[in-house]
Amino acid sequence: MPSSKKKKPQQPAQGEPSNPTAPAVETTDPQTNKPNIVDIHTHMYPASYIKLLESRNTIPLIRSFPGHPEPRLVLLPSEVPLLSNPSPSHPPGRPLTEAYTSLDAKIAFMDKHNISISVLSLANPWLEFLSTSPDPSSLLEPALRINVEFEVMCNQHPGRLYFFGVLPLHPENTLCALPLVLSMKMKFKHCRGVIIGTNGLGKGLDDPDMEDVFEMLEEDDLPIFLHPHYGLPNQVFGERAEKGEYGHVLSLALGFPMETTVAVSRMYLSGMFDKFPKLKVILAHGGGTLPFLAARIESCIRHDGYLHKKEKEGRGKIKRSIWEVLNSQVYLDAVVYGEVGLKAAIQASGERGVERLMFGTDHPFFPPLEEGEEEWGSVVMNTEAVNKGLGEGSKEARMVLEENAIKILNLEKP
C-alpha cells in the first residue's frame with residue numbers, strides 16, 4: 001500500500017454529497033417548460049481511441065463490411081464467430097455513427113432532449129485489451145491522450161460537459177495508474193471520477209492488487225463509475241444466440257446486469273468496502289440485479305457454514321451488511337427503463353434512496369431504428385419511469401433527473 005502520500009483534506013461523511021451547499025438552480029427550461037436533465041451515463045469514443053480500434057485484428061475492433069457505408073464497432077465475444085462469416089444484411093457489431101465520435105452530435109442530442117449537463121465517459125472496453133502488453137507503461141500514453149481529449153471537449157462547452165476519466169490498469173503493475181490518479185483533479189478540472197470495468201486489473205475488483213488504486217481514489221474523493229463489458233459466457237445463451245438469431249438482447253439485457261452484480265458482490269465479500277469506507281461507487285444500469293438480489297446475498301452469507309466458521313475462528317468478518325454498503329457507498333444510475341426497476345433501485349438504497357439515484361441515457365447506444373424517429377427511446381423510457389414512479393414535476397423526480405448529480409458529482413450549472 002502507498003505510504004508516502006500527503007494527507008488529503010477531510011472528506012464528507014459517508015453518503016453525504018461532496019457539494020452539499022450547491023446553490024439552488026432552475027429545474028425547468030423556460031423555453032420548453034420541460035425539466036432539465038443531467039446525464040451521468042453517456043459515452044463517446046475520442047479520435048485517438050478510434051484509431052486504436054481501427055489498427056486491431058481481434059476484438060475490440062472497427063471493421064468495414066461490403067454494402068454498409070459505416071464501419072462497424074465489434075465489441076462482444078459473442079460476435080467473434082460472425083466475423084469470419086458475416087451476414088451480408090446483418091454483419092456483426094454496431095454502425096459507428098457520428099453519435100459515437102462527434103461532439104457536435106452529442107450537443108445536438110443534449111439539446112434535443114433537454115439535457116443541460118452530460119458527464120462523458122469512454123465506452124467499454126476502455127483500455128483493458130492493452131493489458132496483454134509486457135510493458136505496463138504502454139497504457140499510460142493512450143490513457144493520458146484520451147483524458148486530454150475529453151478535457152478539451154469540456155472546455156469547448158463550459159458548464160455543459162464533465163467526464164469520468166480512464167485509467168491505465170495493467171495486471172502486472174498498478175504503479176503506472178497511480179500517478180495519473182494523483183494528478184487527475186489537478187490536470188483535468190472537468191474530471192469527476194473514473195470509469196472502471198468489472199475486470200479491474202484482470203482478476204476482478206476483489207483482487208488485492210486493486211487496493212492501491214482504491215486507496216488513491218478514496219483519498220482524492222474520485223468516485224468510480226462501474227460499468228460492465230463481458231456479460232456472461234456465450235454458452236449460457238445457447239447455440240442460437242451464438243449464431244446471432246437473438247441479436248444483442250441476451251448479452252445486454254441479462255449478461256451486463258449480472259456481470260455488475262457479480263463484480264460488486266465479490267468486492268463486498270472480499271471486504272473492500274470495509275477497507276475503503278469512503279470510496280464511492282456508481283453502478284451502471286440501476287446496479288444490475290443487486291436491488292432485487294441483495295436480500296438473497298445477505299441470507300446466503302448468514303447461512304454459509306464456511307463463512308460462519310471463519311468468523312468464529314477470528315479469521316475475518318464482514319463488518320457491515322450489504323444493505324449498509326448500498327445505503328452509504330453505492331450510488332445507482334436510473335438506466336432501468338421502467339417504473340418497477342426504478343422503485344427497486346430507490347428502495348434498495350435506503351430511506352433516503354431517492355437522493356442516491358442519478359439519471360442516465362446510455363447514449364449513443366440503443367439509437368432510434370425507424371426512419372424519421374428523432375427522440376431516443378433510452379431517454380424517453382427512462383424519463384417516463386422517473387415521472388411515473390415519482391410523479392411528474394415532483395421534488396423527487398427533479399432530484400433524480402438533475403439535482404442529485406449536481407450535488408454528488410459537484411457540478412456547476414451552466
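Let's start at a turn in the chain: Asn 114 sits in the loop that links helix H4 (103-112) to strand E5 (115-122). Please keep in mind that this is a predicted model. Asn 114 is not a glycine, yet its phi is positive, at about 60°. With a relative accessibility of 10%, Asn 114 counts as buried, because the cut-off for that class is under 20% relative accessible area.

A second residue with a positive phi follows after E5. Trp 126 belongs to the loop between E5 and helix H5 (140-156). Its phi is near 55°, again in a residue other than glycine. Trp 126 is buried as well, having a relative accessible area of 3%.

**Cis peptide bonds**

Two prolines deserve a look when you check backbone geometry. The bond from Ile 59 to Pro 60 is cis, and its omega is near 0°. Pro 60 is found in the loop between helix H1 (47-54) and strand E2 (61-63). Further along, His 363 and Pro 364 are joined by a cis peptide bond with omega of about 10°. The loop that holds Pro 364 runs between strand E11 (357-358) and helix H15, which spans residues 377-390.

**The pockets**

Now for the open spaces, with their volumes and lining classes side by side.

| Pocket | Volume | Nonpolar | Polar | Charged |
|---|---|---|---|---|
| Largest pocket | about 860 Å³ | 18 residues | 10 residues | five residues |
| Second largest pocket | about 690 Å³ | 20 residues | 10 residues | three residues |

Which residues lie closest to the centre of the largest pocket? They are Arg 72, Gly 93, Arg 94, Gly 247 and His 248, out of 33 lining residues. Two or more lining residues come from each of strand E4 (94-95), helix H3 (98-101), helix H8 (238-242) and helix H9 (249-269). H9 contributes the most to this lining, with three residues.

The second largest pocket is also lined by 33 residues, and Leu 252, Ala 253, His 285, Val 335 and Tyr 337 lie nearest its centre. Here the elements giving two or more residues are H9, helix H11 (290-302), helix H14 (339-348) and helix H15 (377-390). H9 gives the most to this lining too, with five residues.

**The annotated region**

UniProt lists residues 152-411 as "domain: Amidohydrolase-related", in an unreviewed entry. Over that range the chain is 46% helix and 10% strand. The C-alpha atoms at the two ends of the range are 17 Å apart.

Conventions: Residues are numbered from 1 along each chain as its sequence is written. This is a predicted model: local features need pLDDT of at least 70, side-chain atom pairs count only at pLDDT 80 or more; totals for chains, interfaces and linings use all residues. Side-chain values use heavy atoms; hydrogens and water are left out. On a 1 Å grid over the protein atoms alone, a cavity is a set of points where a 1.4 Å probe fits but cannot get out, and a pocket is an open set with protein on both sides within 12 Å along at least five of seven lines; lining residues have an atom within 4 Å of a point. Grid points are joined across faces, edges and corners, and a volume is the space filled by probe spheres set on the points. Helices (H or I, at least four residues) and strands (E, at least two) are DSSP runs, numbered from the N terminus. Ala, Val, Leu, Ile, Met, Phe, Trp, Tyr, Cys and Pro count as nonpolar, Asp, Glu, Lys and Arg as charged, and the others, Gly among them, as polar. UniProt positions are given in the numbering used here, feature names are shortened, and annotations may be inferred rather than shown by experiment. Buried means under 20% relative accessible area, exposed over 50%, partly exposed in between (1.4 Å probe, protein chains only).
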